[in-house]
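Here are a few short exercises to work through with the model open beside you. Try each one before reading its solution.

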Amino acid sequence: KRLILAPVVISYHWSLLAILNPSNIKGKNTGARPIVLHLDSLPGIHNTADVCAAMESKMWLQNYHQQHTRKGTKLQRTEVPNQLNAYLNDTNRPSLYLSYKISVQPNGYDCAIYTLACLDE
């Protein structure tokens, strides 16, 4: 996969993440730097860094679980948080988070539809 689109819903507000080159987040070194774009039609409602880091953590955890399931090894409760923290604190990790500017919606209730309509921008 070269692109993953993921809706974000927090406190009744919708925004969208576009994850380009997601393979490196999942531990497959393809050489392409993962870029996480955050599209929000009401800037400032969702914190881009927090939303992107949460998605990256979820993808890392999903991959970690799949690797252990394939190997048949049992996950240790203390091992997972330690390894995830080490990954997130690694300053050489290749992820780049960007807030992608789209048009600002003219009202306070069309965020989901507006964000999807702005994908053409």
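Two strands count as paired if DSSP finds at least two bridges between them. Keep in mind that this is a predicted model.

**Exercise 1.** Find the strands that pair with strand E3 (residues 35–39), and give the sense of each pairing.

*Solution.* Start with strand E2 (residues 13–20): five bridges join E2 to E3, and the two run antiparallel. Within E3, Leu37 stands opposite Ala18. Next, turn to strand E4 (residues 96–100), which pairs with E3 in the parallel sense, again through five bridges. Here Ile35 has Leu96 of E4 as its bridge partner.

**Exercise 2.** Decide whether His38 is buried or exposed, and find the partner of its side chain in a polar contact.

*Solution.* First place the residue: His38 lies in strand E3, where four of the five residues are buried. Then apply the cut-off: buried means under 20% relative accessible area. His38 has 0% relative accessibility, so it counts as buried. Finally, look at the side chain, which makes a polar contact of 2.9 Å with the side chain of Ser15. Among the other residues that His38 touches are His46, Thr48 and Tyr100.

**Exercise 3.** Work out which element gives the largest share of the largest nonpolar core.

*Solution.* List the members: Ala6, Val8, Leu17, Ile19, Val36, Val51, Cys52, Met55 and Met59 make up this core of nine residues. Strand E1 (3–10), E2 and helix H1 (48–71) each give two or more of them. The largest share, four residues, comes from H1. As a check, Met55 is in contact with Ala6, Leu17 and Ile19. A second, separate core of six residues includes Leu16, Ala18, Leu37 and Ile102.

Technical notes. Residues are numbered from 1 along each chain as its sequence is written. This is a predicted model: local features need pLDDT of at least 70, side-chain atom pairs count only at pLDDT 80 or more; totals for chains, interfaces and linings use all residues. Side-chain values use heavy atoms; hydrogens and water are left out. Buried means under 20% relative accessible area, exposed over 50%, partly exposed in between (1.4 Å probe, protein chains only). A polar contact is a pair of N or O atoms within 3.5 Å; within protein, one must be able to donate a hydrogen and the other to accept it, and residues adjacent in sequence count only if both atoms are side-chain atoms. Contact means heavy atoms within 4.5 Å. A nonpolar core is a set of buried Ala, Val, Leu, Ile, Met, Phe, Trp, Tyr and Cys residues joined through side-chain atoms within 4.5 Å. Lists of a residue's contacts leave out its neighbours within four places in sequence.
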